[in-house]
Amino acid sequence: MTENHPYYRRKTPQELLDEIAEMNRGKLKLYVGAAPGVGKSYKMLQDAHDLKLEGIDAVIGLIECHGRRETEDLIKDLEVIPLKEMTYKGSIFRELHVEAIIERKPAVVIIDELAHTNIPGSKNLKRYMDVEEILEAGIHVMSAVNIQHLESVHDIVQQITRVAVRERVPDLFVQRASEIQLIDVTPETLRKRMSEGKIYGSDKIEQSLSHFFTVPNLSALRELALREVADDVDEKMEQISGNLSYGPIGVHEKILVCVGYGPTAEKLIRRGWRMANRLRAQLFILHAAKLPEESFTQEMREKIEKWKLLSSQFNAVFLLEHERNRKPADIIIETATKHHVTQILLGQSARTRWEEIRKGSIVNTIMRKTENIDIHIVSDGKI
């Protein structure tokens, strides 16, 4: 784009520095599957061997074979960087040796189990943070993750499988991957691998087949993985095609998620992120506190810190407002007006019918006092 183009804007020094940093950063290739056992580690090792044949320096930083002979055989002549031994509660654990990888500085390193939580005492809390360090050092990384470990689909996965996944990876980290490859097999094939002992040990086979590895669960997770990867491809094609070269088309959507101390706040934030991600919208998270900050209980402070952390993972703006004799509806309206919000996401009202009669409906008040704002009411069971 030339300086005479009507949409030309000279880049700021910071933008130029960010571009240079991005050029020097390593690239992340991510292998995504619907569940354990689809063959992510196997495919990573195959690709590493192909790179070696091309003369590219590819090494293993960490690989989880889970006793699968086919995967173990593929390690062959690939260099393996020794893991870092750490002692915790009298036991020895082995974690990814980030410093050794950076010192060795290969062109490409394989790092399995992206969602893993490191042993207490490690430099970083999560393995994806280790990977971030390695990428910043200019080393390309091949890593793997199952779809249920993606932060924004946590509630959907729990609804499908009745299992709460503790280890999760922020969507923004995944979206920075230069390539995402779906490793896909049918639920029937996956169950066959499980029954043959190719995924878990014999003591876990029956329980897994009757709980997590059911055909309905695997089919739903597979569909979820296919949809997530398809969305990523669409986004990258949109960036490449040049459709957004001259700035956003139409109105730039802005979504405001309103959260309270109820049990669904985190679910509502994730739901808001998924909406914002689909619409390429800016996301705001609002909490209207009844008490001044100095009167917060420890539980309230912990809740708010949790919301702030989740907001930062989703690149959302967290807003904490105090009522100070203002009604919650008025705070929402003021915030929406100030930030030019186009959509508001609310959880199911905690007010009883009697409270609505006395104090008025928050939704009706917002609708009456705003224009051109869509309001979404999400029931507890649909978040």
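**Exercise 1. Describe how helix H6 packs against helix H11 in this predicted model.**

Step 1. Locate the two elements: H6 covers residues 154-161 and H11 covers residues 265-279.

Step 2. Take the geometry. The axes of H6 and H11 are 9 Å apart, and the packing angle is about 115°.

Step 3. Classify the angle. The range from 65 to 115 degrees counts as roughly perpendicular, so H6 is roughly perpendicular to H11.

Step 4. List the residues that meet. H6 contributes His154, Asp155 and Ile156, while H11 contributes Glu266, Lys267, Arg270 and Arg274.

Step 5. Sort them by class. The contact of H6 with H11 holds five charged residues, one polar and one nonpolar.

**Exercise 2. Repeat the analysis for helix H13 and helix H15.**

Step 1. H13 spans residues 328-338 and H15 spans residues 362-369.

Step 2. Their axes come within 9 Å and cross at roughly 40°.

Step 3. H13 and H15 are therefore oblique to each other. The crossing in which H13 passes H15 is right-handed.

Step 4. On the H13 side the contact is made by Pro328, Ala329, Asp330, Ile332 and Ile333; on the H15 side it is made by Ile362, Thr365, Ile366 and Lys369.

Step 5. By class, the residues of the contact of H13 with H15 are six nonpolar, two charged and one polar.

**Exercise 3. Work out the strand order and the edges of the six-stranded sheet, then place the helices that touch the sheet.**

Step 1. The order is E3-E2-E6-E7-E1-E8, the sheet is open, and the pairing is parallel.

Step 2. Find the edges. Strand E3 (79-80) and strand E8 (179-183) each pair on one side only.

Step 3. Examine one pair. Strand E2 (residues 58-62) joins E3 in the parallel sense over two bridges. Glutamate 79 in E3 is the bridge partner of valine 59.

Step 4. Add helix H2 (residues 40-53). H2 lies across strand E1 (28-33), E2, strand E6 (108-111), strand E7 (140-146) and E8. The direction of H2 is at about 165° to E7.

Step 5. Add helix H5 (residues 127-136), which packs on the sheet and touches E1, E2, E6 and E7. The direction of H5 makes about 180° with that of E6.

**Exercise 4. Do the same for the five-stranded sheet.**

Step 1. This open sheet has the order E11-E10-E9-E12-E13, with parallel pairing.

Step 2. Strand E11 (317-322) and strand E13 (374-378) are at the edges with a single partner strand each, so one side of each has no neighbour in the sheet.

Step 3. Ignoring direction, neighbouring strands of this sheet are turned by 20° against each other on average.

Step 4. Examine one pair. Strand E9 (residues 254-258) and strand E10 (residues 282-289) are paired in the parallel sense over five bridges. Opposite lysine 254 stands glutamine 282 in E10.

Step 5. Add helix H12 (residues 298-313), which packs on the sheet and touches E10 and E11. The direction of H12 makes about 150° with that of E11.

**Exercise 5. Summarise the chain by its secondary structure, burial and contacts.**

Step 1. The secondary structure comes to 15 helices and 13 strands.

Step 2. The chain has 383 residues, of which 43% count as buried. The cut-off for buried is under 20% relative accessible area.

Step 3. Consider contacts between residues at least 6 apart in sequence: 72% of these join residues at least 24 apart.

Technical notes:
Residues numbered from 1 in each chain as written. Predicted model: local features only at pLDDT ≥ 70, side-chain atom pairs only at ≥ 80, totals over all residues. Heavy atoms only, no water. Axes fitted to C-alpha atoms, helices over the stretch in contact; angles between N-to-C directions. Helix = DSSP H or I, 4+ residues; strand = E, 2+ residues; numbered from the N terminus. Parallel < 35°, antiparallel > 145°, perpendicular 65-115°, else oblique. Left-handed = near helix turned anticlockwise from the far one by under 90°. Contact = heavy atoms within 4.5 Å. Nonpolar A, V, L, I, M, F, W, Y, C, P; charged D, E, K, R; others polar. Pairing = 2+ DSSP bridges. Buried < 20%, exposed > 50% of the residue type's maximum accessible area, 1.4 Å probe, protein only.
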